[in-house]
Amino acid sequence: MDGFSPPMEAPRQPIGDKPPRVETHDQSRLLTLMRDEGPMSRVELGERLGLPRARLAAEVNRLAELGLVESGGPAASRGGRRSTLVGLSSSLRLLAVDIGATSVGVAVTDPYCEVLEHLVEECEVRSGPVAVLDRAVALSTLALAKVPGRLLAAGIGLPGPVSFREGMPVAPPIMPGWDRFPVRDRLASQWGCPVTVDNDVNAMALGERHAGVARSLDDLIFVKVGTGIGCGILLGGRVYRGVAGTAGDIGHIRLDDFGPACACGESGCLEAYFGGAALARDALTLARSGRSEFLAESLSRHGELSARDVALATGAGDFAAVNLVREGGRRLGQVVASLVSFINPGMVVIGGGVARLGHQLLAEVRSSVYRRSMPLATGNLPIVLSELGDLAGVIGAAWTASERAFAVTT
């Protein structure tokens with residue numbers, strides 16, 4: 001019968017400000033299931049996880065004592081007395097930080113990784129770790145003040161190679177002064193909760209998988225085209241980071257030994273051809289040579305050009321800008337085609353600031369991938385633009401933080 005729903009016990013002792021620790025693997029499984037699928041009745045939880053009634057009751061009551069779950073409304077009737085739903089505590093909060101090359105975004109989410117507050121401001125990652133992380137902490141204080149609650153864990157995405165195990169960036173090309181800076185330890189001491197640190201593209205891939213266009217797909221590629229170019233790879237629903245955490249660093253795949261100089265110190269990298277800085281460089285050339293009237297006018301008004309100006313010029317039908325995007329999309333598609341042939345994903349998602357070039361870029365990438373990859377790999381392969389935009393990174397960072405918070409710690 002579905003009438004098995006004794007009331008949750010009240011906490012036997014006050015729980016302090018320190019985040020609670022998950023004590024058993026069954027508690028971890030319960031929390032993860034509720035995060036993924038929402039509140040459920042005790043009977044449903046027991047059936048899904050194969051737990052006996054007594055064991056389930058003990059674990060749910062202990063989670064209630066810890067302040068991690070709470071009773072919700074009545075569950076759907078399955079005959080007999082209706083039980084109540086059990087869900088994650090509405091007072092729990094996850095903090096997510098998305099640091100880009102030129103911006104910092106901070107979000108506060110509920111335990112289901114739904115964004116409650118999101119703040120973004122311009123900030124140069126080249127300012128160094130102390131200045132940038134101080135801004136992230138200040139923004140997080142503002143965001144948490146707007147949606148107060150109990151901070152459970154935090155996640156942060158960085159625009160460069162990251163040692164996930166150590167919680168620090170390692171030799172990031174566009175982040176001077178950040179090499180092996182203890183990001184996780186510094187923020188954990190300030191926020192007083194567990195902190196996870198990952199590459200920003202991995203976080204964006206997770207965000208799209210759990211809340212965006214790639215919802216519930218286990219195998220996908222997320223390509224971020226911003227100031228730099230990177231790729232998040234999900235295999236079997238989990239991020240593939242490689243041995244040292246550098247998997248997916250496609251921006252530094254060399255296309256031409258004699259190509260333009262790249263920020264990594266090499267030449268001819270994909271990023272040197274089609275990253276945000278490369279687009280701004282080529283746009284400046286088009287404007288000064290008179291080949292693009294639109295970009296020349298933009299340069300005259302603002303004194304500088306960016307990838308955003310290229311997007312505006314493309315939208316206005318400027319011939320030179322359109323060709324610039326097509327050429328960049330062709331090169332990007334060339335690299336993505338190799339990934340598709342190697343990994344055989346279920347979807348390719350393209351995001352990041354330069355992805356605002358939109359369907360002109362998407363058409364070139366699709367054309368290149370479909371032309372270069374095997375028909376069996378591309379026959380049912382969607383190649384789409386990100387659905388979440390700026391939220392992808394913070395949702396993914398929150399998701400990674402929840403994984404840490406709901407895991408058994410020793």
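In this predicted model, the buried residues of helix α6 are Asp200, Val201, Asn202, Ala203, Met204, Ala205, Leu206, Gly207, Glu208, Arg209 and His210. That makes eleven of the helix's twelve residues, so α6 is largely enclosed by the rest of the structure. The helix covers residues 200-211, and at 1.5 Å a residue it should span 16 Å; its end C-alpha atoms do sit 16 Å apart, which agrees. At the N-terminal end of α6 there is a cap from Asn199, with a side-chain oxygen 2.9 Å from the backbone nitrogen of Val201.

Stepping back to the whole chain, the protein splits into domain 1 (1-212 + 389-410) and domain 2 (213-386). Where the two domains touch, 22 residues come from domain 1 and 31 residues from domain 2. Their C-alpha centres lie 31 Å apart.

Now for the sheet. Five strands make up an open sheet with mixed pairing, in the order β13-β12-β11-β14-β15. The edges are taken by β13 (238-239) and β15 (383-385); each has a single partner strand, so one side of each is left without a neighbour in the sheet. As a reminder, the strands of a sheet pair through backbone hydrogen bonds, either parallel or antiparallel.

The β11 and β12 pair is antiparallel, with six bridges linking residues 220-225 to residues 229-235. Within this pair, Phe222 has Gly232 of β12 as its bridge partner, and Val223 stands opposite Cys231, also in β12. Getting from β11 to β12 takes a hairpin of three residues. As for its surroundings, β12 has six of its seven residues buried, so this strand is largely enclosed by the rest of the structure.

On its other pairing, β12 meets β13 in the antiparallel sense, over two bridges. Here Leu235 is matched with Arg238 of β13 as its bridge partner. These two strands also form a hairpin, with two residues between them, and Gly236 in the turn shows a positive phi of about 60°.

Two helices lie across the sheet strands. Helix α11 (residues 319-343) crosses β11, β12 and β14 (348-351), and runs at about 160° to β11. Helix α12 (residues 359-372) lies across β14 and β15, with an angle of about 165° to β15.

Key:
Residues numbered from 1 in each chain as written. Predicted model: local features only at pLDDT ≥ 70, side-chain atom pairs only at ≥ 80, totals over all residues. Heavy atoms only, no water. Pairing = 2+ DSSP bridges. Helix = DSSP H or I, 4+ residues; strand = E, 2+ residues; numbered from the N terminus. Contact = heavy atoms within 4.5 Å. Axes fitted to C-alpha atoms, helices over the stretch in contact; angles between N-to-C directions. Expected span 1.5 Å × (residues − 1). Buried < 20%, exposed > 50% of the residue type's maximum accessible area, 1.4 Å probe, protein only. Polar contact = N/O pair within 3.5 Å; in protein donor to acceptor, adjacent residues only side chain to side chain. Domains from an automatic or database assignment.
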